[in-house]
Amino acid sequence: MYKGFYKLLSSLLGLLLLGSSAWATDHGKSVSKTAPKGTKNTVSMTPEMLLTMARVGGFSLSPDGKQVVYTISYPSIQENRSTTKLFLVSMEGTNRHEIATSLQGVTSPIWIDGGKKIALMAKDAQGEMQLFTFRLSDSQIKQLSTVDGGITGFLFSPDEKRLIYTKDIKYGETVQDKYPDLPKSTGRIVTDLMYKHWDEWVSTIPHPFLVQLGDLPFSQGKDILEGEPYEAPMKPFGDLSDFSFSPDGNLIAYACRKKTGLEYSLSTNSDIYIYNIRENSTYNLTEGMMGYDTHPTFSPDGKRIAWCSMERDGYESDLVRLFIADLATGKRVWLTEGFECNVESPTWTPDGKSILFVSCVKALTDIYKIDLKSKKITPITKGVNDYVGFDLKNGKLLAARHSMLVPTDLYSVNLKGGEAKAITAENKAILEKLGDVRCEKRIMRTTSNEDMLVWVMYPANFDPAKKYPSILYCQGGPQGTISQFWSYRWNPRIMAEHGYIVILPNRHGVPSFGKAWNEQISGDYPGQNMKDYMTAADEMKKEPYIAKDKMGCVGASYGGYSVYWLAGNHKNRFACFIAHAGIFDMEAQYYQTEEKWFANWDMGGAPWEKDNATAQRTFRLSPNKFVDKWDKPILVIHGEKDYRILASQGMMAFDAAKMHGVPAEMLIFPNENHWILQPQNAVLWQRTFFEWLDKWLKGEEK
């Protein structure tokens, strides 16, 4: 699941990278202790500015649609950690203020008790995450849970008489279980896959627990998967959006992939299960549907259920379709048939006649509405930006939005006209000082005679009479659209702020341009999409403002693979390279990565399948096969806790470059995974990134 590298940007709203900034706003006016000095066009973004920006986290619209509660995280580079605070603002963008509490680590705020209270998770006295409520009338804080080990999420039933919480439970047998006389042994006895996942050795899995709310605080609920060794929510990206209560609170729908070991590592087939609380029984709603089934949600009348569904087992980047089923008859309807873009966050309208959802179409992510009778799909929002989440209450629509130029803020959206009004501006103090960096959409013709959308970012005060160094950005995934994303590491704006023209091609193999475009890359890693990158480079070099011998090539994950491959096949197009968490040796990657379904599908098969032409081509054209043609400086970055693409891949690439006589440097993080999460490590990443580019593209030694 290399695509998860970018999926998290929208699903977590920036929460992966810890924290936020010293800049905030009050009643639309900037308040800041450390706002940069100067006027418009006088300040350039630094890594420290980027990495201390305020980051909007979880948010919730009040039942009457008038107020918003949300979190902002603030990292401290010096302290190498972040703090999170709770805020209120009206849907008009007025009366913004912090909710002052003694709670630490607040997250996931929602409204309960008709809008009189806010429920949220925070740390208790032992540092464990528990459920609390905050009463607005008198600021009373009440702890609702004292669950041993803490909780990882919660969901109230519509009548708020029941609650689901999730927590991690023990999985598998430890050495100490088998040999109690070896309490200090650190060994692990492995008997099956998947023994590691993303950045952890799998020793726990999440389970859902049901609580009948009465005497509080509660300390133990009923495990509705008791005795079942399955994840719910599903790792690594699942959360409580994969659970739903029926309107009467008697049914729970949840998504689960009921597989373990080797079967788990080979299959993406999850299903939607319906748990009857009164009968203590469960049935499979989507039996026979073979791909990912996720995000179930009951209709307002409780008679139907909607969910997101992929078609094929083993293909995690399949088209995400919207289905509904009649609970009485079991009849299923594919609502979005013919709509070849992914559906996320399905939400019923109160009348049950329509469903709102988020979808990325031609590299722009908007909120859409589908009429259930006509199946007509209509965009609600518009503009050059990405909508990454929303909440619908009392006819009001609250949404989170960002772009390549501006980080996430909250907006009030007109349901009829789609106009969006900002109700937060958490980084106004810094953004208003920055230059006029701009993003341009260009269409380029590929060697396959198709149109490719390419975003181009231009530096502040761009002068077409000058010549600029440039960066070709290679996307991860591989099935990850370059939409109007905002990242705290791979950030096109900060690259442009450093004086580079940034070229971001939506090459073959990314969603939002139709099914055929997305699927072309599977089994063809070294093929058409690499030609697309070269097309983008060649087309941009036709511009008089591009310094033809000063173009760099950068990317992470599959983008790192792309960098390694292009390093041996670029024919003097690029002056230097940067690969983060990239695949260097495809055969080693097949054996080392943990989610084997991805390797099987996208590589075309296993190395031992000698009669499998697709698989053999994949391994024959692996980046490591072209090291003899490496001729330009390369920077390698990797985290040693990355179990998706092991750090050995980066180490092999660095060693190969040095032995081949190519100028090379490696930045290795012993305690980071596929991402760089700790603030000081993130600063080091940015500094090293730009020092390398400046050295080889600008001739600036540091």
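# Strands, salt bridges and cores in a predicted model

Q: In the sheet, which residue of β15 is the bridge partner of L163?
A: This is a predicted model. Strand β12 (residues 162–170) runs antiparallel to strand β15 (residues 204–212), and 9 bridges join them. The bridge partner of L163 in β15 is V211.

Q: Which strands stand at the edges of the open sheet of 4 strands?
A: The order in this sheet is β11-β12-β15-β16, with antiparallel pairing. Two of these strands each have a single partner strand, so one side of each is left without a neighbour in the sheet. The edge strands are β11 (153–156) and β16 (222–223).

Q: How many residues apart in sequence are the parts that the salt bridge between R96 and E426 ties together?
A: The side chains of R96 and E426 meet at 2.9 Å, N to O. R96 lies in the loop between β5 (81–90) and β6 (97–98), while E426 lies in the loop between β32 (420–422) and α5 (428–431). Both residues of the pair, R96 and E426, are buried. The pair therefore ties together parts whose separation in sequence is 330 residues.

Q: How far apart in space are M91 and K421, C-alpha to C-alpha?
A: M91 lies in the loop between β5 and β6, and counts as buried at 6% relative accessibility. Its contacts beyond four places in sequence include L61, V68, L398 and I423. M91 and K421 are 330 residues apart in sequence, yet their C-alpha distance is 9.1 Å.

Q: Is D318, the salt-bridge partner of R312, buried or exposed?
A: The closest N and O atoms of R312 and D318 are 2.7 Å apart. R312 counts as partly exposed, at 24% relative accessibility. The cut-off for buried is under 20%. With a relative accessible area of 2%, D318 is buried.

Q: Which residue forms a salt bridge with K629?
A: K629 counts as partly exposed, at 45% relative accessibility. A salt bridge here requires the nitrogen and the carboxyl oxygen to be within 4 Å. The closest N and O atoms of the pair are 3.6 Å apart, and the partner of K629 is D628.

Q: Which residues are linked with R438 in a network of salt bridges?
A: A search of the whole structure finds 25 salt bridges. One network of salt bridges includes R438. Linked with R438 are E440, R442 and E543.

Q: With which side chain does the side chain of D293 make a polar contact?
A: D293 lies in strand β21 (residues 293–298). D293 is buried yet has no salt bridge, and R321, the nearest side chain of opposite charge, is 5.7 Å away. Residues that D293 touches beyond four places in sequence include M234, D271, T286 and C308. The polar contact, at 3.1 Å, is with the side chain of W307.

Q: Which helix gives the largest share of the largest nonpolar core?
A: In soluble globular proteins, nonpolar side chains tend to be buried together. The largest nonpolar core here has 75 residues, and those with the most contacts inside it are I355, I501, M540, L566, W630 and I634. The largest share of this core is 7 residues, from helix α9 (residues 558–567).

Q: How many residues are in the other core that lies apart from the largest one?
A: In the largest core, I634 is among the residues with the most contacts. I634 touches residues including Y564, F577, V662 and W692, not counting those up to four places away in sequence. M53, M457, I471 and L635 are among the members of the other core, whose residues number 48.

Conventions: Residues are numbered from 1 along each chain as its sequence is written. This is a predicted model: local features need pLDDT of at least 70, side-chain atom pairs count only at pLDDT 80 or more; totals for chains, interfaces and linings use all residues. Side-chain values use heavy atoms; hydrogens and water are left out. Two strands pair if DSSP finds at least two bridges between them. Helices (H or I, at least four residues) and strands (E, at least two) are DSSP runs, numbered from the N terminus. Buried means under 20% relative accessible area, exposed over 50%, partly exposed in between (1.4 Å probe, protein chains only). Lys and Arg count as positive and Asp and Glu as negative; His and the chain ends are not counted. A polar contact is a pair of N or O atoms within 3.5 Å; within protein, one must be able to donate a hydrogen and the other to accept it, and residues adjacent in sequence count only if both atoms are side-chain atoms. Contact means heavy atoms within 4.5 Å. A nonpolar core is a set of buried Ala, Val, Leu, Ile, Met, Phe, Trp, Tyr and Cys residues joined through side-chain atoms within 4.5 Å.
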